[in-house]
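Thanks for coming, everyone. I'll keep this brisk. Let me put the sequence and the model up.

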Amino acid sequence: MDRLPADTRPYVLGIRDETDTLGAVVRNFLNFAKPTEVVLGAVDTRPIVERAAEEIRTEAVSRGGAVTVQGEFVPVLGDDVLLRQAFSNLCRNALEACIEAGVVPRITLESTPDRAQRVVRLSVIDNGPGLDPAVAARIFMPFVTTRARGTGLGLALVQKIIVTHNGRVAAHSEPGGGTRFIVSLPLMSNPPTS
């Protein structure tokens, strides 16, 4: 890039940025469109959530924020790789919402088993701007995004993964600002004993 003439450098950089964005759109679309191969097994939810939190923690802390993990974690019947991808997408989404809103990111990942309903609710909570009511009903649809550089496939892919696990994902604005994404997954019928 340093060898480019100064008058053409902005154009080349713009082309490179748009190429990177297009590459991300194609990758996300292919992940969304291909049939999901699920390899089910006993999955400990704590390492999945901890790893997703760790992926964004450095950036959140560098901006003066924090990422916390709390609650009681229980095993589910699931695909470790796909669940990691879903929670990674949710955490990245939360961090980007805070950054774009210009707030210091405070992101919490929380696990709450509901044994009466036979589910565990895994939440990703941020202190960003909350959900735009005009987009809230369509937030999990492909190509719906509120981000200038978003592809609109991250949350659609999250929903596809969670539904494949016989679960549900929902989102709502938090009182006082921010958004809470709640993933509900069925508890294992016979959890492994330690």
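Among contacts between residues at least 6 apart in sequence, what percentage join residues at least 24 apart? It is 69% in this protein chain. Keep in mind that this is a predicted model.

Now the layout. The chain has five helices and seven strands. Along the sequence the pattern reads α-β-α-β-β-α-β-β-α-α-β-β. There are 194 residues, and 38% of them count as buried.

Let's go to helix α2. It covers residues 45–62, which is 18 residues. From first C-alpha to last, α2 reaches 27 Å, close to the expected 26 Å. There is also a kink in α2, about 40°, centred on Ile56. Ile56 is itself one of the buried residues of this helix. The others on that list are Thr45, Ile48, Val49, Ala52, Ala53 and Ala60.

What do the buried residues of α2 pack against? Five strands and a helix are named here: β1 (41–44), β2 (66–71), β3 (75–78), β4 (106–114) and β5 (119–126), plus α3 (80–101).

Look at the ends of α2. At the N-terminal end, Asp44 acts as the cap. A side-chain oxygen of Asp44 sits 3.2 Å from the backbone nitrogen of Arg46. After the helix comes Gly64, with a positive phi near 85°.

Next, helix against helix. The axes of α3 and α5 (residues 154–164) come within 9 Å. They cross at roughly 145°. The crossing is left-handed. From α3, the contact uses Leu82, Leu83, Gln85, Ala86, Asn89, Leu90 and Asn93. From α5, it uses Gly154, Leu155, Leu157, Val158, Ile161 and Ile162.

Two strand residues now. Asp126 lies in β5. Is Asp126 buried or exposed? Its relative accessible area is 4%, under the 20% cut-off, so Asp126 counts as buried. Its side chain reaches the backbone nitrogen of Gly128 at 2.8 Å. Setting aside neighbours within four places in sequence, Asp126 touches Ala94, Ala97, Cys98, Arg106, Ile107, Gly177, Gly178 and Thr179. Ala94, Ala97 and Cys98 fall within α3, residues 80–101.

The other one is Thr112, in strand β4. Thr112 is partly exposed, with a relative accessible area of 39%. Between Thr112 and Gly71 there are 6.0 Å in space, C-alpha to C-alpha, yet they are 41 residues apart in sequence. Beyond its neighbours within four places, Thr112 is in contact with Glu72, Val119, Val120 and Arg121.

Last, some backbone geometry. Most residues other than glycine have a negative phi. Which loop holds Arg118? The one between β4 and β5. Arg118 is not a glycine, but its phi is positive, about 65°. Its relative accessibility is 40%, so Arg118 counts as partly exposed.

Asn166 is found in the loop between α5 and β6 (168–173). Its phi is near 60°, again a positive value in a residue other than glycine. Why does Asn166 count as exposed? Because its relative accessibility is 68%, and the cut-off for exposed is over 50%.

To recap the places to look at on screen: the kink at Ile56 in α2, the left-handed crossing of α3 and α5, and the buried Asp126. That's my slot.

Key: Residues are numbered from 1 along each chain as its sequence is written. This is a predicted model: local features need pLDDT of at least 70, side-chain atom pairs count only at pLDDT 80 or more; totals for chains, interfaces and linings use all residues. Side-chain values use heavy atoms; hydrogens and water are left out. Helices (H or I, at least four residues) and strands (E, at least two) are DSSP runs, numbered from the N terminus. The expected span of a helix is 1.5 Å times one less than its number of residues. The bend at a residue is the angle between axes fitted to the seven residues ending there and the seven starting there. Buried means under 20% relative accessible area, exposed over 50%, partly exposed in between (1.4 Å probe, protein chains only). Contact means heavy atoms within 4.5 Å. A polar contact is a pair of N or O atoms within 3.5 Å; within protein, one must be able to donate a hydrogen and the other to accept it, and residues adjacent in sequence count only if both atoms are side-chain atoms. Axes are lines fitted to C-alpha atoms, for helices over the stretch in contact, and angles run from 0 to 180 degrees between N-to-C directions. A crossing is left-handed if the near helix is turned anticlockwise from the far one by less than a right angle, and right-handed if clockwise.
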